[in-house]
Amino acid sequence: MARRLWRAFTLIELLVVLAIIATLLTIVVPKYFGQTDKARETVLRENLSMMRDSIDRFRADQGHYPQTLDELVQQRYLREVPMDTVTQSRTTWKLVPAPDGKPGVYDVHSGANGKAKDGSEYANW
């Protein structure tokens, strides 16, 4: 009678593979989340820059500041109000009025609480 040889992994071999995978995950996962935070901050800075540029172009063309961010969209200076990537909302932007007392949106800041990776406050960006 022929004897069959079963070829399979032993429990020790499976545990070694799982230990290697767990070790690799402990190295990769923190770097991944650090990169997503950095990307979120980069997009936030770009969105602020784009809105500030649109406000300046609106002021140069119209002779006054926009009353709201939606006015920039209506006049086609922006396609849509950008997302504040930290708060994940389009409505948390902090609008800064003109320093000379004229009505309208002079500047815009993030409405997010907390600090960025570089230690600066999001609200000051």
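Q: Quick one to start: does Tyr-77 count as buried or exposed?
A: Buried, since Tyr-77 has 13% relative accessibility and the cut-off for buried is under 20%. Keep in mind that this is a predicted model.

Q: Fair enough. How many aromatic pairs does the structure hold?
A: There are three aromatic pairs. In one of them, the ring centres of Phe-58 and Tyr-77 lie 5.3 Å apart with the planes at 70°, so that pair is edge-to-face.

Q: Which parts of the chain does that pair link?
A: Distant ones: Phe-58 sits in helix H1, while Tyr-77 is in the loop between H2 and strand E1 (94–97), 19 residues apart. Phe-58 counts as buried because its relative accessibility is 0%.

Q: And what about Tyr-65 and Tyr-106, what kind of pair do they form?
A: Edge-to-face, with 5.6 Å centre to centre and 80° between the planes. Tyr-65 is in the loop between H1 and H2 and Tyr-106 is in strand E2, so the pair ties together parts 41 residues apart in sequence.

Q: Where do they fall on accessibility, Tyr-65 and Tyr-106?
A: Tyr-65 is at 11% relative accessibility, so it counts as buried. Tyr-106 is at 37%, so it counts as partly exposed.

Q: Which residue lies over the face of Tyr-65?
A: Arg-59, at 5.0 Å from the ring centre. Arg-45 lies over the face of Trp-125, at 3.8 Å from the ring centre.

Q: Switching to H1. How many residues does it have, and what span does it reach?
A: H1 covers residues 11–62, which is 52 residues, and reaches 74 Å from its first C-alpha to its last. That's close to the 76 Å expected at 1.5 Å a residue.

Q: Where is the kink in H1?
A: At Thr-26, shortly before the proline Pro-30, and the kink is about 25°. Just after the helix, Gly-63 takes a positive phi of about 85°.

Q: Which residues of H1 are buried?
A: Glu-41, Leu-44, Asn-47, Leu-48, Met-51, Ser-54, Ile-55 and Phe-58.

Q: Why might spacings of three or four places show up there?
A: An α-helix has 3.6 residues a turn, so residues three or four places apart point the same way.

Q: OK, and what covers those buried residues?
A: The cover includes helix H2 (69–74) and strand E2 (105–109).

Q: Last topic, the largest nonpolar core. Which residues have the most contacts inside it?
A: Leu-48, Met-51, Leu-69, Leu-72 and Trp-93, in a core of 19 residues. H1, H2 and E2 each supply at least two residues of this core, and the largest share, five residues, comes from H1.

How values were computed
Residues numbered from 1 in each chain as written. Predicted model: local features only at pLDDT ≥ 70, side-chain atom pairs only at ≥ 80, totals over all residues. Heavy atoms only, no water. Helix = DSSP H or I, 4+ residues; strand = E, 2+ residues; numbered from the N terminus. Expected span 1.5 Å × (residues − 1). Bend = angle between axes of the 7 residues up to and from the residue. Buried < 20%, exposed > 50% of the residue type's maximum accessible area, 1.4 Å probe, protein only. Contact = heavy atoms within 4.5 Å. Core = buried A, V, L, I, M, F, W, Y, C linked by side-chain atoms within 4.5 Å. Phe/Tyr/Trp six-rings, centres within 6.5 Å; stacked < 30°, edge-to-face > 60°. Lys NZ or Arg CZ within 6 Å of the ring centre and 35° of its normal.
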